[in-house]
Each structure stands twice: as structure tokens, then as C-alpha cells.
Amino acid sequence: MARGWGGQVKSNANFRQTTQRIEAGVDGGVAKAAAQLQANLKETLNQRNSLSGPPSSPGEAPGKRTGNLGRSIQIEREGEGYAVGTPHAYGRYLEYGTTKMDARPWLWRTVEASAAQLIRIVRNQALGGQR
């Protein structure tokens, strides 16, 4: 054991174990946050039905027509983190617009609206479900 200023201190073994638990909790929390973001994105895309109502206006999230975009939202592991999005090019066209269509932002607005929730998920997992 190492000696501290005022007495004995425990070995670094407890610190290593604690660090490993926190790292595992963060990794699990990031995975849960990615799954929550996926659910939030699908919810955003399913809020309006464009077939039975008017199409979305520029600046609004796109209305649901076929549901293909919402069903295509995927989670992929990328290095230490996760990517959440769609492989469909029209997801990008809706998000940013084109020369013939104004944007119907859905992805980044949902990410921004979900930020506090996602941080809370990661924090709670990192702390072992405490808080």
C-alpha cells in the first residue's frame, strides 16, 4: 500500500476496478442512448401522415408517406461510438433540401431535442444506474 499525507491509502486496484466499471457503464450507456435516439428519430418521422393530410411545409419534419424512411433508421458501431441514421439518400435530401425542394429537417432537430435525454442515459449507466 502507498502512504498518503495523513495515513494509508488503498492500492490502485480499487481505482482500476472503478475505472473499468465506469468505462463499461459509459459504453453500455452510449449503446442505450443510440437506441433511444433511433426510437426518437422514428417517432419524429411518424408524427404526421402525408397521405391523409397536407404535405409538410418547408422547415417542418417530413410527413410519413410510406414509412420506409422511419423503418430504415439504423444503428451501426463506429470505433468507440455509434452512428444512427439512414442509408437512403432521400433522408439527406429531406434534411438539407435540394435545388428543387426546401429542407424538411428531421435528423439534427431530433438530435438536439434529445440531447439532454441522451446525456442522462449515458451518465446514469456510467454511474451504475445511480441517480
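1. Burial first: 28% of the chain's 131 residues count as buried (under 20% relative accessible area; exposed is over 50%, partly exposed in between, with a 1.4 Å probe and protein chains only). The accessible surface comes to about 9100 Å², and 52% of that belongs to carbon and sulfur atoms (Shrake-Rupley method with a 1.4 Å probe; for residues, only the protein chains shown count as cover).

2. Keep in mind that this is a predicted model, where local features need pLDDT of at least 70 and side-chain atom pairs count only at pLDDT 80 or more, while totals for chains, interfaces and linings use all residues. Residues are numbered from 1 along each chain as its sequence is written, and side-chain values use heavy atoms, with hydrogens and water left out.

3. On to the layout. The chain has 4 helices and 2 strands, and along the sequence they run α-α-β-β-α-α. Helices (H or I, at least four residues) and strands (E, at least two) are DSSP runs, numbered from the N terminus. Of the contacts between residues at least 6 apart in sequence, 52% join residues at least 24 apart (contact means heavy atoms within 4.5 Å).

4. The hairpin: β1 (residues 74-78) and β2 (residues 81-85) pair in the antiparallel sense over 5 bridges; pairing takes at least two bridges found by DSSP. If you want a register check, E76 has A83 of β2 as its bridge partner. There are 2 residues between the strands, and G79 takes a positive phi near 60 degrees in this hairpin.

5. Now the largest nonpolar core, which has 14 residues; L37, L41, I73, V84 and W106 touch the most other members. A core here is a set of buried Ala, Val, Leu, Ile, Met, Phe, Trp, Tyr and Cys residues joined through side-chain atoms within 4.5 Å. Helices α1 (12-45) and α4 (107-126) each supply at least two residues of this core, and α1 gives the most, with 5 residues.

6. W106 deserves a look of its own. Leaving aside neighbours within four places in sequence, W106 is in contact with L41, T44, L45, A61, P62, L69, I73, T86, G91, L94 and E95. Two of those names, L41 and I73, also appear among the core residues that touch the most other members.

7. What about charges? The structure holds 1 salt bridge, formed by R77 and D27, with the closest N and O atoms 3.2 Å apart (the criterion is a side-chain nitrogen of Lys or Arg within 4 Å of a carboxyl oxygen of Asp or Glu). R77 lies in strand β1 and D27 in helix α1, so the pair ties together parts 50 residues apart in sequence. R77 counts as partly exposed at 43% relative accessibility, and D27 is partly exposed too, with a relative accessible area of 33%.

8. Helix α4 has a kink of about 55 degrees, centred on A115 (the bend is the angle between axes fitted to the seven residues ending at a residue and the seven starting there). The buried residues of α4 are L107, T110, V111, S114, L118, I121, N124 and A126. After α4 comes G128, with a positive phi near 75 degrees.

9. Last, S72, in the loop between α2 (68-71) and β1. S72 is buried, with a relative accessible area of 7%. Not counting residues up to four places away in sequence, S72 touches G85, T86, P87 and H88. From S72 to Q38 the C-alpha to C-alpha distance is 10.0 Å, and the two are 34 residues apart in sequence.
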